[in-house]
Structure formats: C-alpha cells, structure tokens
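Here's a quick tour of a model, from the chain contact to the cores and the domains. Have a look first, then read on.

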Amino acid sequence: MQSVTVSHLIKNYPAGKKSVVEAVRDVSFSVDKGEIFGIIGPDGAGKTSIFRVLTTLLLAEGGKCTVDGLDVVKDYKEIRKRIGYMPGKFSLYQDLSVQENLEFFATIFNTTIEKNYDLIKDIYAQIEPFKERKAGQLSGGMKQKLALSCALIHKPTVLFLDEPTTGVDAVSRKEFWEMLHRLKTQGITILVSTPYMDEAGLCDRIALIQKGKILSVNTPKGITKEFKKPMWAVRSAEMFRLMNSILADPAVESCYPFGQYHHVVFHNAENEIQKLEQIIREGNFQNGEIKPVEPGIEDCFMALMKEQGTHG
Amino acid sequence: MGQFIIFIKKELLHIWRDRRTLFILIWMPIVQILLYGFALTNEVKNSKIVIFDQARDEASRALSQQISSSRYFSLLKNVYSYEDVEATFKQGKIRLAVIFPRNFREELMHTNHAQVQLIADASDPNTANMLTNYASSIINDYQQSLNQNQAIPYTIRPQMRMLYNPELKGAYSFVPGVMALVFMLVCAMMTSIAIVKEKELGTMEVILVSPLKPFRIIIAKTIPYLLVSMINIACILLMSVYILDVPIVGNLALLIGESILFTITALSIGILISNFAKTQQTAMFTSMMGLFLPTLLFSGFLFPIENMPIPLQIISNIVPSKWYYIIVKSIMIKGLGLGSVWKETLILVGMTTFFLGVSIRKFKIRLA
C-alpha cells in the first residue's frame with residue numbers, strides 16, 4: 001500500500017509583481033508503507049516546499065498529493081491528526097523544559113507520554129536525565145532527539161523529517177539514523193530530506209532533486225547502477241593543475257574534485273588508464289596515482305545534474 | 001478539554017518565565033495611570049496672577065486678599081504700572097491680571113458702581129475663560145457679602161449644585177478615561193504579540209500540524225492574559241481610590257465585571273491584530289499607535305463628543321473605549337446600576353464577539 005503519493009506537484013512562490021519563483025516543478029513520486037524514503041538535494045532544491053505541501057501547511061499550485069490515502073487539501077484535518085512533523089528549524093518551546101514540551105505535544109494530540117512511551121523510549125531515554133532543563137539550553141543533538149520524540153509521541157502513521165541532521169555532529173547523526181531504522185520496524189513510514197549525499201545509502205529509496213525537479217527515484221543501489229560508465233580516481237601533488245590538464249583532453253566527459261581525488265569519466269570506455277597516465281607523464285606530475293572507483297550517489301547526482309542541464 | 005488546559009498552562013508558563021515582560025505588563029498600567037492621572041488634567045489650580053492695585057483702599061485689599069487666597073489663583077507679585085502688567089504677560093509668567101482703578105471703594109460706596117478689570121491670557125481660550133469665571137465669581141461673592149445688610153429689590157441668585165463631583169475635581173472625569181486608555185493599550189498589546197510570536201519562532205508550524213482547532217488556540221491564548229489584566233484592574237482601582245482620590249460610588253462588583261468585559265474586548269482586538277501581523281514589531285506598533293489616538297480622541301474624556309462634527313461622532317461609536325468610559329463614569333462616579341448601562345454593556349459584548357469571531361474565522365490554518 002502506498003503511504004504517500006505525489007503526482008505532478010507544482011509549487012510557486014510570488015516574487016514581486018507578476019513573477020514567481022518555481023520552487024517545485026512537476027514532481028511525482030510515491031512512498032510505500034513502512035519505508036524510509038529520502039529526498040536528497042542541495043539547499044533551495046524544493047525539499048521543504050514538498051514537505052510543507054504534504055504536511056498540509058501550504059497549498060500547491062498544481063498536482064495531487066495524498067497522505068495515508070487522504071487528500072492533502074480536502075482532508076487536511078484528518079491528516080493533521082495522523083502525521084508527525086519535524087520542521088527543519090528547531091520549533092519547540094525554548095522556554096519550556098524537555099518534559100513540559102513532550103507533555104504539551106502529547107496532550108494536544110489527545111494522548112499521554114505513558115501511552116506511547118515504548119515508541120520513544122530509545123530516543124527519550126537519552127535526554128530524560130535532562131528533562132528539567134529548558135529546551136533552549138539543550139545541545140544540537142539533544143534538541144533533535146527531543147523534537148523527534150515530540151513528533152512521535154502520538155504514534156503517527158507517517159513521519160516527515162525535514163533536514164533532521166543539518167547542523168548535528170557526526171556521532172549524533174549516526175545515532176539519529178539508527179533510531180529511524182528502529183522506528184521503521186514499528187511500521188511507521190518515514191519521509192526524510194537531507195542535503196548530505198552520504199546519508200542516501202541509509203534510505204530504502206531516494207529521490208534526487210535539484211532546482212525543483214526530480215532527477216531520479218530509485219533505491220540507492222539502483223541509482224548507482226544507472227551509472228554505466230567506468231569511473232577513475234586520480235590524484236597527484238598538484239591537484240589544481242592536474243584538473244586543468246585532464247579537462248583539456250577532449251576525450252574526458254567530466255572531472256571534478258572528490259575528497260582527496262579527482263573523479264574522471266571519459267566519453268568512451270577505451271584506453272582510459274593509458275590516457276590518464278599520459279596526462280600525468282606529459283604534465284610532469286609528482287606522486288601520480290590512478291585507480292578505478294565505484295560511483296557513489298554524489299557521482300550519480302553530478303552526472304544526472306549535468307545530463308538534465310544539457311537536455312533541458 | 002485536556003488539550004485546552006495544557007495550552008493555557010503552556011501560555012502561563014511563557015508569561016511566568018519571561019519575568020521582564022511580566023514586570024512591564026504589571027508596572028506599565030500603574031505608571032501610566034499615575035502619569036496620565038496627574039499630568040493629563042485641564043483643572044485650573046494655582047494659576048499665577050498679578051494684581052495692579054491703584055486704589056489701595058480697604059475694599060480693594062479685601063478683594064485682592066480673597067482672590068489670591070483662593071485655590072485657583074496664586075499671587076505672583078503686586079505690580080504698579082500697566083507696563084509691568086504687560087511685561088509679565090509677555091514673559092508668560094502669568095495667566096491673569098486683576099486691576100483695581102483709583103478710588104475703588106469710594107466709587108463702590110457712593111455711586112454704587114465700581115469696576116475691576118480682569119485681563120486674561122487668551123492664547124489658551126478655555127483656560128482664560130475659566131479663570132475669568134472663577135475671578136468673577138469671587139468678586140460676586142464679595143459683592144454679596146457687602147449687600148448682606150441692605151435690601152436690594154429684585155435679585156436673582158442662581159443656586160448651583162455640582163452633582164456627583166461637588167468639588168469639580170478633574171480626576172473624576174480623567175480616571176475613567178485613563179482606565180479606558182490604559183486597559184485598551186496594555187491588553188491589546190499583550191495579545192497582539194501572542195500569535196505572531198509563535199509564527200516568528202516557527203512553533204506555529206508544529207501547532208498547525210496537530211488536531212488543535214483555531215477556536216481553542218485563540219481562546220487559550222486569551223485566557224492567561226485575562227488573568228494578568230485582572231491584576232491590572234485591581235491595581236488601577238486601588239490607585240484611583242487611594243492615590244487619585246476618586247471614590248467608587250457604585251457597585252464594586254459590577255465595576256470589576258464591566259472592566260473584565262472591556263479587557264476581554266481589548267484582548268480580542270489584540271488577537272485580531274496578531275492574526276494579521278507578520279512580525280512581533282508590527283503587531284506591537286499597530287496595537288500601540290493604531291489604538292492610542294482613537295482611544296484618546298473618541299473616548300470623550302479629553303474632547304467632548306457632542307462638540308465634534310457629525311461624521312466624527314459616528315466614528316466614535318466604533319471605538320470600544322467610548323462605551324467603557326460611559327460605563328465607568330456611570331458606575332464609579334454617579335453610582336448607577338446595571339439598569340443604566342446595559343446598552344453600553346451589550347455593545348461591548350457585541351464588539352468582543354465580533355472581534356473574536358473574525359479572529360477565529362481568519363485564523364490562518366496554513367503557513368501562507
């Protein structure tokens with residue numbers, strides 16, 4: 001069964017007289033019940049707009065969306081009872097304590113902390129020692145845990161997490177994803193957005209999004225499989241000059257920095273290693289290194305972005 | 001119901017934990033009523049005068065004595081020439097000059113007809129009028145005291161009685177007016193930031209994605225501030241009785257009840273502003289500036305509404321403080337009961353329902 005469906009969603013924002021910013025352009029995807037679905041793209045790609053339409057906070061200019069089989073425009077009241085939402089910006093009451101916040105959100109959803117304690121136990125247990133502390137005085141990671149607890153306390157069927165790991169340290173991010181996987185076992189559908197490509201692999205399926213358009217929807221593995229051409233990682237002592245020399249070769253399709261290496265793709269898969277060796281030799285580069293690599297999500301994203309850019 | 005109570009509890013915690021704001025909310029009305037109560041007054045008290053006594057006889061001295069010892073006037077100095085009189089007026093030191101002609105007593109006694117000249121600074125016409133009236137009435141009193149032993153045929157002596165405010169104290173009309181002004185400004189300001197604050201902090205986003213109904217949000221936001229307003233009502237009534245010397249003649253419970261009704265009206269105006277404002281600053285500015293002038297102008301305590309042009313008189317009807325001012329004056333000063341103010345009360349109830357209704361209807365159930 002499909003938990004969330006989005007078809008041909010269009011969301012514009014007015015920008016001055018008669019002109020609009022097209023934040024979401026004809027986006028369609030669907031999320032199955034009980035899966036972790038990631039919406040991955042850079043800032044300004046339209047992630048938050050999609051979330052706000054789905055959480056009934058904004059009206060779309062076009063398209064049809066359903067959550068739990070309910071229409072986001074017509075049945076917004078019913079949807080609001082069922083979903084959990086954690087906005088990108090920390091949106092709890094900073095002057096209320098941890099416990100007071102949780103109690104408030106439990107009560108406005110007509111439930112109690114005790115009733116659904118099992119669901120949040122793993123998460124809440126970590127911040128419970130600080131339950132008397134004001135939410136505003138918590139660390140970034142603890143704030144996220146509290147916000148997640150508050151979004152979960154009424155046992156939502158679908159959980160919307162808008163950039164939950166932005167501004168959170170690496171350890172807390174890892175813990176956060178472990179929590180999401182535990183929640184998944186409870187049958188909760190989770191939609192999560194993130195600008196971090198390395199988090200894509202932690203989702204069941206992902207949608208890559210850029211400038212309001214979906215580049216691809218697939219499993220993380222499926223997305224990397226779509227990348228057909230071999231990829232090479234190259235490095236030397238002089239990275240910047242190396243990049244220029246590689247890009248100067250007409251046989252090269254793309255080359256961009258990736259960590260300590262440059263990732264290079266050729267138009268045609270033949271004699272690539274020889275070509276790269278030749279560049280290094282002729283350019284007199286010291287400590288040259290060439291190795292084949294498996295393309296990651298970020299590589300696919302770059303390739304898809306380039307493709308969309310040239311084809312329309 | 002639980003939803004509702006926890007929301008009120010949350011709002012109370014916000015208010016209670018923000019001590020500085022709470023302090024301002026309680027102190028501001030007290031300071032305002034003291035300021036306005038003492039500063040905003042058109043009463044004539046101790047106006048400076050000079051006396052130019054050319055007669056210097058028994059009668060002129062007795063009259064001078066009476067004038068300068070009245071509480072309306074205080075003698076700056078005696079002057080001895082018209083030039084001096086003019087000079088002190090030009091310096092702006094005095095409001096009134098009293099000039100006795102030569103042979104004042106003689107003329108009074110022998111021709112039965114004497115003159116006293118009163119010169120007033122009419123750059124402020126109302127005050128000039130009042131001062132000459134006061135002075136004339138003192139002179140009249142003196143004249144009557146002279147006539148006591150003589151039978152003068154055909155005199156009409158008006159017997160005046162100042163009802164409700166025998167001493168003609170300005171505070172009697174100002175305190176109700178200031179109450180209307182202060183409640184309107186403070187209460188509207190309190191709630192005007194209530195909703196827009198949640199919008200600014202982003203918490204509105206989470207509140208909206210919940211089963212909470214707009215009706216409950218709005219009522220729950222109003223109630224905690226109503227409690228603060230009740231503290232204000234108590235402070236202001238105590239101060240008007242013990243500091244500004246305005247007694248509460250009528251039923252205290254009725255007065256408090258009407259005051260609570262009026263603060264609810266003001267709170268609902270604040271909620272309405274909060275609904276439409278985009279930032280806390282606009283909300284605060286709208287509630288302060290947008291309500292201050294109409295309240296001041298159209299309540300009727302500074303400028304009598306009957307004297308205004310008809311269009312302004314009609315506009316004054318939509319200003320809630322006008323009705324509250326009438327109610328407070330009737331109950332507090334005249335000692336009337338609900339029977340005489342039920343119409344005004346109903347108008348306030350109607351306005352409150354209207355403002356709350358619009359707020360609930362126009363409550364934005366989405367972000368944009």
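How many residues do chain A and chain B each put into their contact? Chain A brings 24 residues and chain B brings 21, with two residues counted as in contact if their C-beta atoms, placed from the backbone, lie within 7 Å.

Some housekeeping: this is a predicted model, where local features need pLDDT of at least 70 and side-chain atom pairs count only at pLDDT 80 or more, while totals for chains, interfaces and linings use all residues. Residues are numbered from 1 along each chain as its sequence is written, and chains are lettered from A and ligands numbered from 1 in the order in which they are written.

Back at the contact, the elements of chain A that give two or more residues to the side touching chain B are α2 (76–82), β6 (83–86) and α3 (98–108); helices (H or I, at least four residues) and strands (E, at least two) are DSSP runs, numbered from the N terminus. The top contributor is α3(A), with five residues.

Now the nonpolar cores, meaning sets of buried Ala, Val, Leu, Ile, Met, Phe, Trp, Tyr and Cys residues joined through C-beta atoms within 7 Å. Buried means 20 or more other C-beta atoms within 10 Å of a residue's own.

| Core | Residues | Members include |
|---|---|---|
| Largest | 139 residues | A:F160, A:I190, A:L191 |
| Second, separate | 15 residues | B:I67, B:L96, B:A97, B:A120 |

Helix α7 (residues 171–201) of chain B supplies the largest share of the 139-residue core, 20 residues.

As for domains, chain B is split into domain 1 (2–41 + 169–362) and domain 2 (47–147), with bounds from an automatic or database domain assignment. Their centres, taken over C-alpha atoms, are 47 Å apart.

Conventions:
Buried ≥ 20, exposed ≤ 12 C-beta atoms within 10 Å, placed from the backbone.
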